[in-house]
Amino acid sequence: MPVPIRLTGVTKSYGKARGVIDLDLEVRSGEVFGYLGPNGAGKTTTIRMLVDLIRPQRGKVEVLGGSPTDPTIRRRVGYLPGEVEFYEHMGAGDLLTYIGNLRGDGGAGLAGELSERIDLDLSRRIGDLSKGNRQKLALVQALMHRPELVILDEPTSGLDPLVQQEVYRLLDELRDGGVTIFFSSHVLSEVERVADRVGIIREGQLVEVEKLEALRQRAVRTFEVVFEDAPTIAEFENLEGVRSAQLHGNTLHCQVIGSIDQLLKAVARHPVRNLVSHGADLEALFLDYYRGEEAGHAE
C-alpha cells in the first residue's frame, strides 16, 4: 500500500515571506495526523501543495503513491479548506449534487447521512447559512465520496461544541475504517482528542514529529503536596525532572517533566496530608515549540 503522504525536501516561498523550507514529512496509512503551528508557520502552504492548489519550487510531493497533479489521485482525496467559499445562490443540497457530478461519483446517499448527523439542512440557500452551517457543508462535501485520504484545514472552526463532538466521532469512525486523516488545527484539545501523531511546524520548518503519547511524557505536570510538617526545599530542588520547586509553609508546589518517580520517593519520606496532580500540560509544551524553546523542554 502506498504511503498516503510523503514530502521530500519540499520548499515553497513567497518572495520575502516564508512558506516551507526543505520539508520532509511522511504520514502513515490509517492514522490521524495533527499538523500544528502558529499563524504563518506554513501549515496552509503545506496543505495547498497536497491538493495541487500550489506547487513547490523544489522537492517532491507524493499523495497516495502518485502526484497531486493527477486527477485520478485527487478524486481519492477529500479536502476541507481553511477558508470556505461557495456559490451563494445555490441550495446546499444542489451544491452537493453538483460537486458529486463533477467528481463522477454522485455521493448523494452519504451526503444525506452526513448532513443528518451534523444537523445540516440541505434545503436552505447557501447565502442564508451561518458560518457554522457553511462549515458543516464543507465537511460533507469533503467526505461524501468516501475518500481514502482526508485533508482538513481547521475542521471544526465555527462549529458549536455538540457538533464538534459528532465530528470527532466521525473522524474516529473514518480512522477505524482505514481512512488516513491529515488535519491542521489551533485547538490543542482537539488534537489531543483525535490525533495519533503530531507534526509541529515553526517558521516553515518541521521541528518535531512524534506520537501524542510520547509528547505527553515530555509535557509539564504540576503537583501540589501538603505535608504534615514542612520539609526543606533542598530535598526537591535538584530532583530529576523537577523544576520550579517552591515551598510555602508546609505546601510544596512544583512542575515535573517526564517520570515522577524521584519526586514521589522524596515526598514519601514525610507524612503527607494531601497531594494534587494536574495532568500533562500539552498546551505549554506546544507553546514552547512555537516560541522555539524546544531545547529547554528536551533537557
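The following exchange concerns the two largest pockets of this predicted model.

Trainee: How do you know that Tyr 79, Pro 81, Ile 99, Arg 103 and Gln 141 belong to the lining of the largest pocket?

Mentor: A lining residue needs an atom within 4 Å of a pocket point, and 25 residues line this pocket, with those five lying nearest its centre. The space in the largest pocket comes to about 740 Å³, and the elements that give two or more residues to its lining are α2 (71–74), β5 (77–80) and α3 (92–103). Of the elements, α3 gives the most, with five residues.

Trainee: What makes Arg 103 and Gln 141 fall into separate classes, and how does the lining of the largest pocket divide by class?

Mentor: Arg counts as charged, whereas Gln, being among the others, counts as polar. By this scheme the lining of the largest pocket has 17 nonpolar, two polar and six charged residues.

Trainee: Which residues lie nearest the centre of the second largest pocket, and what is its volume?

Mentor: Its volume is about 290 Å³; of the 20 residues in its lining, Lys 43, Thr 44, Thr 45, Arg 48 and Asp 153 lie nearest the centre. Two elements, β2 (17–27) and α1 (43–50), give two or more residues to this lining, and α1 gives the most, with four.

Trainee: Why are Lys 43, Arg 48 and Asp 153 called charged, and Thr 44 and Thr 45 polar?

Mentor: Lys, Arg and Asp are on the charged list, while Thr is on neither the nonpolar nor the charged list and therefore counts as polar. The whole lining of the second largest pocket divides into five nonpolar, nine polar and six charged residues.

Terms used: Residues numbered from 1 in each chain as written. Predicted model: local features only at pLDDT ≥ 70, side-chain atom pairs only at ≥ 80, totals over all residues. Heavy atoms only, no water. 1 Å grid on protein atoms, 1.4 Å probe; cavity = no way out; pocket = protein on both sides within 12 Å on 5 of 7 lines; lining within 4 Å. Points joined across faces, edges and corners; volume = space filled by probe spheres on them.
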